[in-house]
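Got your viewer open? Load the model below and keep the selection tool handy.

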Amino acid sequence: MNQVEETIQWLFANDAKEMKKICNKEMMQFGGISEMDYDDFYSRVGLDINLAKESFDSTKGKTFKEYAFGVIKLSVWKE
């Protein structure tokens, strides 16, 4: 398994525990997000991570894990 697939598996294992932890940290900066909105954020992030698999370029000097963290943060801010 390559680093992209390993990172995605890690993010989404155990009911997406790691992905949700990163999202929640970013969402805390907004303050007034309702818990019923969380699923919308998680869905958006899941879509963006899947799209990131295609756009990731390992020659840019970042690991996919670092790239995924940036994608998650940007995705939360866009949503």
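What follows is a walk through a predicted model, one selection at a time.

**Stop 1: helix H2.** Select residues 38-55, which make up H2. This helix has 18 residues, and the distance from its first C-alpha to its last is 26 Å, close to the 26 Å expected at 1.5 Å a residue. Now show side chains for Tyr38, Phe41, Tyr42, Val45, Gly46, Asp48, Ile49 and Ala52, which are buried. Turn on the neighbours too: the cover over H2's buried residues includes helix H1 (3-27) and helix H3 (64-78).

**Stop 2: helix H3.** Move on to 64-78, the span of H3. Its 15 residues should reach 21 Å at 1.5 Å a residue, and the end C-alpha atoms are 20 Å apart, which agrees. Pick out Phe64, Ala68, Val71, Ile72, Ser75 and Val76, the buried residues here. Then look down the axis of H3: these buried residues fall within an arc of 130°, so they line one face of the helix. In general, an α-helix has 3.6 residues a turn, so residues three or four places apart point the same way. H1 and H2 are among what covers the buried residues of H3.

**Stop 3: two residues on the buried face of H3.** Zoom in on Ser75, which sits in H3. Buried or exposed, what is Ser75? Its relative accessibility is 1%, so Ser75 counts as buried, the cut-off being under 20%. Leaving aside residues up to four places away in sequence, Ser75 touches Arg44, Val45 and Asp48. Next select Ile72; with the same exclusion, Ile72 touches Leu11, Met19, Ile22, Cys23, Val45 and Ile49.

**Stop 4: the nonpolar core.** Keep Ile72 selected and add Met19, Cys23, Met27 and Ile49: these five have the most contacts inside the largest nonpolar core, a set of 21 residues. Which elements give two or more residues to this core? They are H1, H2 and H3. H1 provides the largest share, 8 residues.

**Stop 5: the rings.** Time to color the aromatics; the structure holds 5 aromatic pairs. Start with Trp10 and Phe69, a stacked pair at 6.4 Å centre to centre, with 20° between the planes. Trp10 belongs to H1 and Phe69 to H3, so the pair ties together parts that are 59 residues apart in sequence. Trp10 counts as partly exposed, at 31% relative accessibility, and Phe69 counts as partly exposed too, at 30%.

Now go to Phe64 and Tyr67. Their ring centres are 6.1 Å apart and their planes meet at 50°, so this pair is tilted. Both residues lie in H3, 3 residues apart, or about one turn of the helix. Phe64 is buried, with a relative accessible area of 0%, while Tyr67 counts as partly exposed at 26%. Add Phe56 to the selection, and you have a cluster: ring pairs link Phe56, Phe64 and Tyr67.

**Last stop: back to Trp10.** Select Lys65 together with Trp10 and check the face of the ring. Lys65 lies over that face of Trp10, at 4.2 Å from the ring centre. So what does Trp10 have around its ring in this tour? Phe69 is stacked with Trp10, and Lys65 lies over the face of Trp10.

Terms used: Residues numbered from 1 in each chain as written. Predicted model: local features only at pLDDT ≥ 70, side-chain atom pairs only at ≥ 80, totals over all residues. Heavy atoms only, no water. Helix = DSSP H or I, 4+ residues; strand = E, 2+ residues; numbered from the N terminus. Expected span 1.5 Å × (residues − 1). Buried < 20%, exposed > 50% of the residue type's maximum accessible area, 1.4 Å probe, protein only. Contact = heavy atoms within 4.5 Å. Arc of directions from axis to C-beta. Phe/Tyr/Trp six-rings, centres within 6.5 Å; stacked < 30°, edge-to-face > 60°. Lys NZ or Arg CZ within 6 Å of the ring centre and 35° of its normal. Core = buried A, V, L, I, M, F, W, Y, C linked by side-chain atoms within 4.5 Å.
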